[in-house]
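Thanks for coming. I will put the structure up now and then talk through it.

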Amino acid sequence: MIKLNHIQKRYNTRAGFVYVLQQINLTIEKGEFVTIMGPSGAGKTTLLNIIGMLDGEWEGEYYLDENPVHELKPKHRLALNRQYIGFVFQNFNLLDSLTVYENLDAPLSYRNVKGSERASIVCDTLDRFGIVGKKDLFPSQLSGGQQQLVGVARALVASPKLILADEPTGNLHSSQGKDVMDLLKKLNREGTTIIQVTHNEGYAAYGNRIIKLKDGWQEGEVVIEQSARKE
Amino acid sequence: MAALWQDIGYGLRMLRKSPGFTAIALVTLAIGIGANTIMFSVVNTLLFRPLPVKDPDRLVRCEFDKLNIVPYAGYVDLRDNNPVFSDLIANSYYGGVPAALVRDASVMPVAPLFVSANYFSALGVAPLHGRTFLPEEELGGAEPVVVLSYRTWRRLGAGPEIVGQYVRVNGTLCRIIGVAPKTFTGTAVVGPDVWLPLGTGGLVRRYYQEKPEKPDERWYYPPSVLVGRLKPGVSISEAQARLQSMFPHLKQMYPRRYKETAMFRLHPLPRLNAGGVDNDRPTLGRISLGLMGISGVVLLIACLNLANMIVVQGGGRHREIAIRAAIGGGRLRIMRQLLIESLLLAVFGGILAVAVALWGIRVLKLWAAMGQLPMQLGSAIASGIALDVRVLAATLSFCLIATVLFGLKPALRLSRRDLCGDLKESGRGVLEATRRRRFFVPRGLSVLCQMALSVALVMTATLLARTALRAVRAEPSFGLNGKVIVSVKAFAGGYDIAQARQACERLAERLKDVPEIQAVGLSRKSPVDLGWWPWSRERVVEYVPGGADDASGSLLTKALHEYEVDGDYFKAMGIRLQQGRPFRPLDSAPDAEEVVIIDELLARRLRPDGSALGCLIQYGDDGLSSPRRVVGIVPNLQSVWGNGEDQPHVYEPIKAHHVPESIHLRARSTAPGAEAALVRSIGARIRKIDPRLPVVAVASLADRHRNHPTVLFTGVVARLAVMFGAMALFLASLGLYAVKSHMVASRTPEIGIRMALGATRRNILTLVLRQGAISTFVGLLVGTLLAIVMTRVIRSALHGISTIDLVSIVVTVAMLTATSLLASYIPARRASRIDPMDALRYE
């Protein structure tokens, strides 16, 4: 589904170029649950942002389902993003001025889904995530776990083929985090490809592959399901 | 469509979410748009709005040889033989002196306009009631008839049955034949109170001269200003050229009046007053430009304010916009939402602005109707001003553009290349980043501009207010208290000249016996009389006996104002004679030596080192008067009744064939209320002494001074300037407060960190107050320079404006600094009270 060739990101500073990512080569198949791990500053979030097309300033080749993202104009990248990707943020990034219902409705509205259809999808999603009772509340009225739940629901509401989760449990306590991870695992079993960034090895084990980064370089991979280690 | 309604709903919610910001933005819009609309509506009424006559742009004023008036026969000749006008009308204010209109027991001063019979038909105006003049009514000797203005008709009871009734105008019985329509003011914005046929001029103004046995054209008909309606397709220049060919015939009719090389010119009509012989449009234009400039500055401050607040608020929405983009929102879609929010703000602001404009115009009309403006100008505004929808739309559009452009700013910088940066930072962080990148250029500059404009406007307002106060300042040569002026029109009582003069003198003698009255004086023309323009002379020379001709005397001044008063005038006015004596009754005798009393200005020019008493002077225009001996010297007048350094005053005894128009009374008591009691009671006292003598007006000298057109006008301009200055100050302080508040809110975590590291409340207070101090200071400096420039411009349009003084500068700088500090202090104090733990948890 995703193929990255020689992906590289750098900043130009007075002291010269500072590389955040260097020579990242990666392939992710459909249905995989991949975890990107590494110490702080390794470039994990940067890589996720590139895959999620939130960052457009990079070099290399990026294919998303055979689409050459590196050759696309921003308008076409947006279209691709809408078609394929749902993003779960560490700090939730809900729209504070909108209710839970409206937060879920917004992505559908941006994808020009008709009103009646949107209502149906949002209701289904609320029901699926067990947050029907909270649909008229604002994010500030929810707990952290509930907010992240809404964040995950929002990422899923448009039925993306790929979910990118940047430290989805980073701001949650352990039980809430487990709930979110269980949910992601369930989605993966249903066929959604998931790429997550996490520091937590326990949560990393929910996936079937771990990609390790260090100082912007790929350091190796661990395949969990096969219980083999590739160096 | 559903998405559009959704965006409208979101927009309303966003406005409700920030009630403080929304309220300030709406008030800013309302004041900026409303004030401009009111101001332009006034300017439009005075300067631009077409007169309510047929095809006003085809009307022109005729000027012959720099003279604007033509004798009657000359008018008739031109009217019947010209090739360029479809209609030619004649009108004359005949000196501009108010007449007395008497109906039953009521007496009112009215401004009459003498017109040709075709006046109303040529202007395409039909009367509200009755009819207008017939051709034969224009002729001298015809039955006197009168058309009332709507305003006068209202004052007389507003009944349609008034047509056919009679009134006396300066004692001449006139039949009311019609009432003009409500908005009709003739060929100018300010119109007369009554219209009379040209042929009644002599009758109504007979106090200038008795009716001769065989009155000729000059007695009946006043010289008139001609207004022509150009024929279709004829331009002004073409008309001028063709009329020039008629000039030799006019010269032949009046060889002494017109020079050989005279030119015939056509001009646009004076705007303010039909009797105005000069084109007042340039002066009006300058004043209007000044007023529009002032309100334009307020609009600019409002827009800068709004832009600043929107940018600041938008800066805190970068994260929200980045999230929307991250979840699939396209740029156009996001921009549409922001556009709708800005439009909603502008629409609500516009609605509020309409309310402000309507209210403001209503207050202005009330103010004008209450006599807070020079009478006729006030009438023009009270009846004529209306909300100008075009201006409202234009200013609303201007603010809309500003609101929308700056409201779209957060979305315009949106780029998918930079989303993650905005997503990574929290709201505060984004604002900090924005501030660091862009603070000094847009927002600091905006604050600077607002401060500068406010300083300029407030300083100008302070200056105008001080000038107005100076104008209102009492005359130093005599006090205003305890003095009353009674305007009488003896002719309105049916007296002839001799009888009228005797009646006035008898009345003065009887009034001297009234215990409350200390002194009584008479005048026909004095600086403080109602409605009189002083006679001015172009040459004043000292007469040296034995000199060969007129030119032997040395020229003392090129202009002089001449008045007629009796011997007790100066005593009644409280003016102390510095040298010499007052007039005696015998000075008015036909064969007495002609004497004058002059002011210090002329006395110094006559004898710089000695006394001018006993000197002989002559004055006049083309020719000079007979020599007059100086018998007294009085101080210069320095208030609005003075006329500047180059225009001394000369007082003559009231001529034998002239009738006094004013009685000057000085109350014996200076206790509070004594003067007011005299004003209230004097009318009844005069009626008891002479029931036939109509009293036109009674006013204290203080009121007369307060209602002087210069004082009123300067006061109006000063009040407007102060009002707009206050608006500018208010808006600037609102804007500053909003920016500072938002800055404090966005720096709350930083403040928390500083306090956690040991910063005291005082440190925080200083931090916030210091923010933007440089912009404020530079703004004060730039504003002061701008004010100096503005003052020079205003001085060229308004007489009597003094240069900027230290008091104005100090007051303005102090006010703006205090306002700025207060606007900053409140949010600063709020910041200093932040709990560090709350601040560090702030998101």
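I will start with conventions, then go through chain B, its salt bridges and its cysteines, and end with two places in chain A.

This is a predicted model, in which local features need pLDDT of at least 70 and side-chain atom pairs count only at pLDDT 80 or more, while totals for chains, interfaces and linings use all residues. Residues are numbered from 1 along each chain as its sequence is written, chains are lettered from A and ligands numbered from 1 in the order in which they are written, and side-chain values use heavy atoms, with hydrogens and water left out.

Chain B, then. Its secondary structure comes to 27 helices and 26 strands. Helices here are DSSP runs of H or I with at least four residues, strands are runs of E with at least two, and both are numbered from the N terminus. Of the 843 residues in chain B, 56% are buried. Buried means under 20% relative accessible area, exposed means over 50%, and partly exposed is in between, using a 1.4 Å probe and protein chains only.

The accessible surface of chain B is about 36,200 Å², and carbon and sulfur atoms account for 60% of that. These areas come from the Shrake-Rupley method with a 1.4 Å probe; for residues, only the protein chains shown count as cover. Now contacts, meaning heavy atoms within 4.5 Å. Among those in chain B between residues at least 6 apart in sequence, 82% join residues at least 24 apart.

At the start of chain B, look at Trp5(B), which sits in helix H1, residues 2-17. Is Trp5(B) buried or exposed? Its relative accessibility is 56%, so Trp5(B) counts as exposed. Together with Met1(B) and Leu4(B), Trp5(B) forms a nonpolar patch on the surface, with about 370 Å² of accessible area. Patches are made of residues with over 30% relative accessible area and no salt bridge; like charges are joined within 9 Å, and nonpolar side chains (Val, Leu, Ile, Met, Phe, Trp, Tyr) within 5 Å.

Next, salt bridges. The rule is a side-chain nitrogen of Lys or Arg within 4 Å of a carboxyl oxygen of Asp or Glu. How many are there over all chains? The count is 31.

One of them joins Arg333(B) and Asp7(B), with the closest N and O atoms 3.7 Å apart. Arg333(B) is in helix H12, residues 331-369, and Asp7(B) is in helix H1, so this pair ties together parts that are 326 residues apart in sequence. Both residues are buried.

Another pairs Asp568(B) with Lys512(B) at 2.7 Å, N to O. Asp568(B) is in the loop between strand S19 and helix H18, and Lys512(B) is in helix H17, so the bridge ties together parts 56 residues apart in sequence. Asp568(B), at 25% relative accessibility, is partly exposed, and Lys512(B), at 31%, is partly exposed too.

A third example is Lys655(B) with Glu564(B), where the closest N and O atoms are 3.8 Å apart. Lys655(B) lies in the loop between strands S24 and S25, Glu564(B) lies in strand S19, and the two are 91 residues apart. Lys655(B) is partly exposed at 26%, whereas Glu564(B) is buried at 1%. Salt bridges with shared partners join both of these residues into one network with Arg524(B), Lys525(B), Glu594(B), Arg628(B) and Glu652(B).

What about disulfides? A disulfide is a covalent bond between the sulfur atoms of two cysteines. The cut-off is a pair of cysteine sulfur atoms within 2.5 Å, and the count over all chains is zero. Why is Cys449(B) not in a bond? Its closest cysteine sulfur, in Cys303(B), is 13 Å away, which is too far. Cys449(B) is partly exposed, at 28%, while Cys62(B) is buried, at 1%.

Last, chain A. Helix H6, residues 174-189, has 16 residues and should span 22 Å at 1.5 Å a residue; its end C-alpha atoms are 22 Å apart, which agrees. The expected span is 1.5 Å times one less than the number of residues. Buried residues of H6(A) include Val180(A), Leu183(A) and Leu187(A). The buried residues of this helix pack against several elements of chain A, among them strand S3, helix H4 and helix H5. Just after H6(A), Gly191(A) takes a positive phi of about 115 degrees.

The other place is Lys135(A), in the loop between H4 and H5. Lys135(A) is partly exposed, at 30%. Leaving out residues up to four places away in sequence, Lys135(A) touches Thr99(A), Val100(A), Tyr101(A) and Leu126(A).
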